[in-house]
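Here is a short report on one protein chain. Keep the sequence and the 3D view open while reading.

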Amino acid sequence: MPDYDFKCTECRKRFTETQTFEEHDRGKRVKCPKCGTQKVERVIGAVFAKTSKKS
Ligand SMILES: [Zn+2]
């Protein structure tokens, strides 16, 4: 199963959530493990790779 990185927009905690592809496809709601909000955003890949090509 793939791991997805998330960042909480409330408390800024970063965490990893393991989801199945099916769960991810259905847009499973992810909660912050620290403050419990669902205001989290995906962190895609390495954040330092900003100069790589856009797709
Ligand atoms: Zn949080």
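The report below goes from the overall layout to single residues.

## Model and confidence

This is a predicted model. Across the protein chain, the mean pLDDT is 85. A score of at least 70 is reached by 80% of the residues. Among the elements, strand S2 has the highest confidence, at 93. Helix H1, residues 21-25, has the lowest, at a mean of 88.

## Overall layout

The protein chain holds one helix and three strands. Read from the N terminus, their order is β-β-α-β.

The chain has 55 residues, and 5% of them count as buried. Contacts also say something about the fold. Take those between residues at least 6 apart in sequence: 45% of them join residues at least 24 apart.

## The sheet

The three strands make an open sheet, in the order S2-S1-S3. Their pairing is antiparallel. Strands S2 (14-18) and S3 (40-43) are at the edges. Each has a single partner strand, so one side of each lacks a neighbour in the sheet. On average, neighbouring strands are turned by 40° against each other, direction ignored.

How many bridges join S1 to S2? There are five, and the two strands run antiparallel. Strand S1 covers residues 3-8. Two facing pairs help to find the register in the 3D view. Asp3 is opposite Thr18 of S2. Asp5 is opposite Thr16 of S2.

## The hairpin turn

S1 and S2 form a hairpin, with five residues between them. Arg12 lies in this loop between S1 and S2. Its phi is positive, at about 65°, although Arg12 is not a glycine. Most residues other than glycine have a negative phi.

Is Arg12 buried or exposed? Arg12 has 10 other C-beta atoms within 10 Å, so it counts as exposed. The cut-off for exposed is 12 or fewer.

## Strand S2 and Arg14

S2 is hardly covered. Of its five residues, the count that are buried is zero. One residue of this strand is Arg14. Why does Arg14 count as exposed? Arg14 counts as exposed because it has 12 C-beta neighbours inside 10 Å, and the exposed class takes in 12 or fewer.

Arg14 still has contacts beyond its neighbours within four places in sequence. Its partners there are Asp5, Lys7 and Val43. Asp5 and Lys7 belong to the range of S1, residues 3-8. Val43 falls in the range of S3, residues 40-43. Glu41 also falls in that S3 range. Arg14 and Glu41 are 27 residues apart in sequence, and their C-alpha atoms are 9.6 Å apart in space.

## The loop after the helix

Pro33 sits in the loop between H1 and S3. Which residue is 18 residues apart from Pro33 in sequence and 7.8 Å apart in space, C-alpha to C-alpha? That residue is Phe15. Phe15 falls in the range of S2, residues 14-18.

Pro33 is partly exposed. The reason is its count of 13 other C-beta atoms within 10 Å. A residue is exposed at 12 or fewer and buried at 20 or more, so Pro33, with 13, falls in between.

How values were computed
Residues are numbered from 1 along each chain as its sequence is written. This is a predicted model: local features need pLDDT of at least 70, side-chain atom pairs count only at pLDDT 80 or more; totals for chains, interfaces and linings use all residues. Two strands pair if DSSP finds at least two bridges between them. Helices (H or I, at least four residues) and strands (E, at least two) are DSSP runs, numbered from the N terminus. Axes are lines fitted to C-alpha atoms, for helices over the stretch in contact, and angles run from 0 to 180 degrees between N-to-C directions. Two residues are in contact if their C-beta atoms, placed from the backbone, lie within 7 Å. pLDDT is the predictor's confidence in each residue, from 0 to 100.
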